[in-house]
Amino acid sequence: QVQLVESGGGLVQPGGSLRLSCAASGFTFSSSTISWYRQTPGKERERVATINRTGSMTNYADSVKDRFIITRDNDNNMAWLQMNALKPEDSAVYYCKAVSQLNDYEYWGQGTQVTVTL
């Protein structure tokens, strides 16, 4: 059974930090590209960051560049999104997505809520 489970969301003040985790199981994690997306009510889901299979390449949305860091650990089937200097506009449900390079299947987690407010 394929699972992606996000955790680490919560309430934080502007300027603060959060670290989101994505725990994967049921598929070949090391053969998958991992991305973090976010979504707010009434808006389309937005890609935030992507990391390649080996972790050697990352890509970020302009809105989070220099503030967020995506990493992964293939030995433990984990990925993370370190979020620094958070702004109210970063508030959203954050989702982990895996795309298998073996069969092009996409897997999504259930999301974790991040709220940035005073």
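## The disulfide

Cys22 and Cys96 are joined in a disulfide, with 2.1 Å between their sulfur atoms. That link ties together parts 74 residues apart in sequence, because Cys22 lies in strand S3 (residues 18-25) and Cys96 in strand S9 (residues 92-100). Keep in mind that this is a predicted model. The structure has one disulfide in total.

As for handedness, the torsion about the S-S bond of Cys22 and Cys96 comes out at about -80°, so this disulfide is left-handed.

## Buried or exposed?

The cut-off for buried is under 20% relative accessible area. Cys22 has a relative accessible area of 0%, so Cys22 is buried. Cys96 counts as buried too, because its relative accessibility is 0%.

## The four-stranded sheet

Strand S3, home to Cys22, also belongs to an open sheet of four strands. Reading across, the order is S1-S3-S8-S7, and the pairing is antiparallel. At the edges stand S1 (3-7) and S7 (68-73); each has a single partner strand, so one side of each has no neighbour in the sheet. From one strand to the next, the twist averages 15°.

In general, strands of a sheet pair through backbone hydrogen bonds, in either a parallel or an antiparallel way.

## A look at the S7 edge

What does edge strand S7 pair with? Its partner is S8 (residues 78-83), and the two run antiparallel over six bridges. For a spot to look at in the structure, try Ile70, which stands opposite Leu81 in S8.

Definitions and conventions:
Residues numbered from 1 in each chain as written. Predicted model: local features only at pLDDT ≥ 70, side-chain atom pairs only at ≥ 80, totals over all residues. Heavy atoms only, no water. Pairing = 2+ DSSP bridges. Axes fitted to C-alpha atoms, helices over the stretch in contact; angles between N-to-C directions. Disulfide = S-S within 2.5 Å. Buried < 20%, exposed > 50% of the residue type's maximum accessible area, 1.4 Å probe, protein only.
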